[in-house]
Amino acid sequence: MTTIITNGTVVTRDADMPFIADGAVAFDGTTITAVGPTTEVLAHYPDAQRINANGRLVMPGFINTHMHYYSTFARGINFGGRPATTFGEVLRGLWWKLDRMLTLDDVYYSAVGPMIEAVRCGVTTAIDHHASPFAVRGSLARIAEAARLVGVRSNLCYEVSDRDGEKIATEGIAENIEFVQHCQRLDDDMLRGLVGMHAQMTISARTLNKLMEAAEGIGAGYHIHCAEGIEDVVNALAIYDKRVIERLYDAGVLGERSLAVHCVQVTNAEIEMLASSGVAVINAPESNMSNAVGCAPVLKMLEAGALVGMGTDGYCVDMTESLRAVHAIQKHEAHVPSVAWGEPHQMLFENNRTITNRLLSGETGVLRPGAYADIIVVGYEAPTPLTEATVASHLLFGVAGRNVDTTIINGRVRMLERELIDIDEQKLMADSRQQAQALWDRI
Ligand SMILES: [Zn+2]
């Protein structure tokens, strides 16, 4: 059965026809079948079911290339003690305390909440990085269960690290490998896997070797935090006499199917390594600001030819927040207001798509025939003319995730005119609150 979204201001992200003032997008099953002027598409499919966009923006769904669903349960948590004064204290005082407490049910519910928020914000694909050291085995299956329920296109991995001992590191390796193989058997682009590592500074040479041996031949890339804070650099220099990117580059971790997240503390030589290896660099501006780790040299990395995308790192779900944050912090850091106009859009709409599509058989992040029907309708009333020439400015300064009215993922309508479909939000969020409270009570 074909469905057509009609009468939209369609922003396709397809270079052949980027903007259609009165456009329509038809899809059947999981796939887009036609994109064009409303009258033309309707003439092709006179009997199709229709969703009238009434002039609203119709776009590909947003992509988040670095997320931590489990971080949701930190919202309101209180471990007591004085506030962290360094990034290392943030990790030890909050994240590593929280993730050690997670049970498999916590993993499930901490993913359900932000996935529902993702649907509400028009985020149709997310690449997650998960840790629950005392509930490693089966954790990715529980996130996958949440993803199936809510319907968000997902790529999952487990953050292997040595910080809880060898047994848990070994479990993390097995969790990654088995999950990747499970996804390969399913061969469904709604669920894919990577091989996760927490960070250079929490992976010993021995664990890295074991992990890379286990991952050999399975064809999955790696997903790792790199040079997020100065602590990671100090550690790499002290133990390996190399900088962070240098160590990972030499080990063969970086490559076209891998994600190097943050890359805040990198030298020019390391930027060259990021660019030449083809690895995806993921910038998470709000998280970096919040952790006070510095500002990643995004403009320099892009100029050097690195593929730099954008993720929220669990700080938020709405990708338009990150779009604005990159725009502002890069200007702020450069002390030059004329920079960083095009790059944030390139990162969010082009590079995040390239990064994701490398990991899929099919294609998302674009409205054209053959691509997955990952489509959003955005109820944004433009106060100034919205045209092909001005749409980037409206997306930067006007559109927010909360404006999304309708979210379709893989051809499945997950939200229609703000109404979630087959998702009992009230019940799931009530259960999530109860689950979170029980975790907090164990502190
Ligand atoms: Zn992260």
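These notes walk through the domains, sheets, one helix and a few backbone angles of a predicted model.

1. **Domains.** The domain assignment splits the protein chain in two. Domain 1 takes residues 2-61 plus 365-420. Domain 2 takes residues 62-357. Their centres, taken over C-alpha atoms, are separated by 30 Å.

2. **Where the domains meet.** On the domain 1 side, 21 residues are in contact with 27 residues of domain 2. Four elements each supply at least two residues of that domain 1 side. They are the strands β15 (375-378), β16 (404-409) and β17 (412-416), and the helix α14 (391-397). What is the make-up of the side of domain 1 that touches domain 2, in nonpolar, polar and charged residues? The residues divide into twelve nonpolar, five polar and four charged.

3. **Strands β1 to β3.** Strand β1 (residues 2-11) pairs with strand β2 (residues 19-28) in the antiparallel sense, over seven bridges. Within that pairing, Gly8 stands opposite Gly23 of β2. Strand β2 is also joined to strand β3 (residues 31-37), by six bridges, and these two run antiparallel. Gly23 is worth a look here too: in β3 it stands opposite Pro37.

4. **The β2-β3 hairpin.** Strands β2 and β3 form a hairpin with two residues between them. Asp28 stands opposite Thr31 in β3. In the turn, Gly29 has a positive phi of about 65 degrees.

5. **Asn54.** This residue sits in the loop between β4 (49-52) and β5 (57-60). Its phi is near 50 degrees, a positive value in a residue other than glycine. Is Asn54 buried or exposed? Asn54 counts as exposed, because it has 12 C-beta neighbours inside 10 Å.

6. **Ala340.** Here is another positive phi, about 60 degrees, although Ala340 is not a glycine. The residue lies in the loop between α12 (319-334) and α13. Ala340 is buried, because 20 other C-beta atoms lie within 10 Å. The cut-off for buried is 20 or more.

7. **The four-strand sheet.** An open sheet is formed by four strands in the order β6-β7-β8-β9, with parallel pairing. Why is one side of β6 and of β9 left without a neighbour in the sheet? Both β6 (62-67) and β9 (191-193) stand at the edges with a single partner strand each, so one side of each has no neighbour in the sheet. On average, neighbouring strands of this sheet are turned by 15 degrees against each other, direction ignored.

8. **Details of that sheet.** Strand β8 (residues 153-156) runs parallel to β9 and is joined to it by three bridges. The bridge partner of Ser154 in β9 is Leu191. Helix α13 (residues 343-357) lies across β6 and β7 (123-128). The helix runs at about 70 degrees to β6.

9. **The five-strand sheet.** Another open sheet has five strands, in the order β10-β11-β12-β13-β14, and its pairing is parallel. Strands β10 and β14 (307-310) stand at its edges, each with a single partner strand, so one side of each lacks a neighbour in the sheet. Neighbouring strands are turned by 25 degrees against each other on average, direction ignored.

10. **Inside the five-strand sheet.** Strand β12 (residues 259-262) pairs with strand β13 (residues 280-283) in the parallel sense. Three bridges make up this pairing. Ala260 has Val281 of β13 as its bridge partner.

11. **Helix α7.** Which residues of helix α7 (residues 230-240) are buried? They are Asp232, Val233 and Ala236. These residues cover an arc of only 100 degrees around the axis, which means that they are on the same side of α7. The buried residues of α7 pack against β10 (195-199) and α8 (244-251). Strand β10 is also an edge strand of the five-strand sheet.

12. **Just past α7.** Asp241 comes just after the helix. Its phi is positive, at about 55 degrees.

Terms used: Residues numbered from 1 in each chain as written. Predicted model: local features only at pLDDT ≥ 70, side-chain atom pairs only at ≥ 80, totals over all residues. Pairing = 2+ DSSP bridges. Axes fitted to C-alpha atoms, helices over the stretch in contact; angles between N-to-C directions. Contact = placed C-beta atoms within 7 Å. Arc of directions from axis to C-beta. Domains from an automatic or database assignment. Nonpolar A, V, L, I, M, F, W, Y, C, P; charged D, E, K, R; others polar.
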